[in-house]
Amino acid sequence: MATARPRRVEYSEATRQALVDSAVDLFTEHGYSQTSLEEIVKRARVTKGALYHHFGGKQALFEAAFNSVESGVVARLSEVVSDPGDPWEATRSGLRAFLEVCLEPSYQRIVVQDGPAVMGWGRWRDAEEAYTFGVLRTVVSKLIASGEIGDALPVDAFARIMFGALSAGATAIAASSSPMQERADIAVCIERVLNGLRSG
């Protein structure tokens, strides 16, 4: 028989989630530097004391918002690439899905633009590797194992090259005055590179 969770625990988790959701919304709308803790607690409808109970300060809350956005992205990408069918089509679908993510305001602002400055380059890069690089490495591993790429390539090296290209693409899309066109151009380039590597 399942044991009921204490109401206090449920309330605490709900409070934390409200703060994270509020932070994602406001950091997306205004950026890290232009968002105050007062605005966040007001939107979350909690006290500042509740915020400090869960987070050490603004940067810790930003990192929780970053993790929330990235976790959602990884869950969606993992679903797209988990199709047990053709690895080549799964790879193409995953790349297209990632480039669509790059158009989302929360990903652009929190992950791509503010993430490196707020978290520091090293910590931001480690976080990125813990999230999207893991999905990409899995996709690349399946693609190489399937024989779709003519010559067997080192999985880690190829995954890092692709990861670097996609990271640069995400930055270009976020900075572009025409993000839809930028996304389309990057998609064409990446597909051309992959097609050039394909066997047969």
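Helices (H or I, at least four residues) and strands (E, at least two) are DSSP runs, numbered from the N terminus. The structure described is a predicted model, in which local features need pLDDT of at least 70, side-chain atom pairs count only at pLDDT 80 or more, and totals for chains, interfaces and linings use all residues. Residues are numbered from 1 along each chain as its sequence is written, and side-chain values use heavy atoms, with hydrogens and water left out.

Two annotations come from an unreviewed UniProt entry. UniProt positions follow the numbering used here, feature names are shortened, and annotations may be inferred rather than shown by experiment.

| UniProt annotation | Residues | Helix | Strand | Distance between end C-alpha atoms |
|---|---|---|---|---|
| domain: HTH tetR-type | 13–73 | 80% | 0% | 22 Å |
| DNA-binding region | 36–55 | 75% | 0% | 14 Å |

Arginine 45 occupies the loop that joins α2 (37–44) to α3 (48–54). Its phi is near 60°, a positive value in a residue other than glycine. Relative accessible area is computed with a 1.4 Å probe on protein chains only; buried means under 20%, exposed over 50%, and partly exposed in between. Arginine 45 counts as exposed because its relative accessibility is 78%.

Threonine 132 belongs to helix α7, which spans residues 121–145. With a relative accessibility of 7%, threonine 132 is classed as buried. Contact means heavy atoms within 4.5 Å. Apart from neighbours within four places in sequence, threonine 132 has contacts with Glu70, Val73, Val74, Leu77, Phe98, Tyr107 and Phe163.
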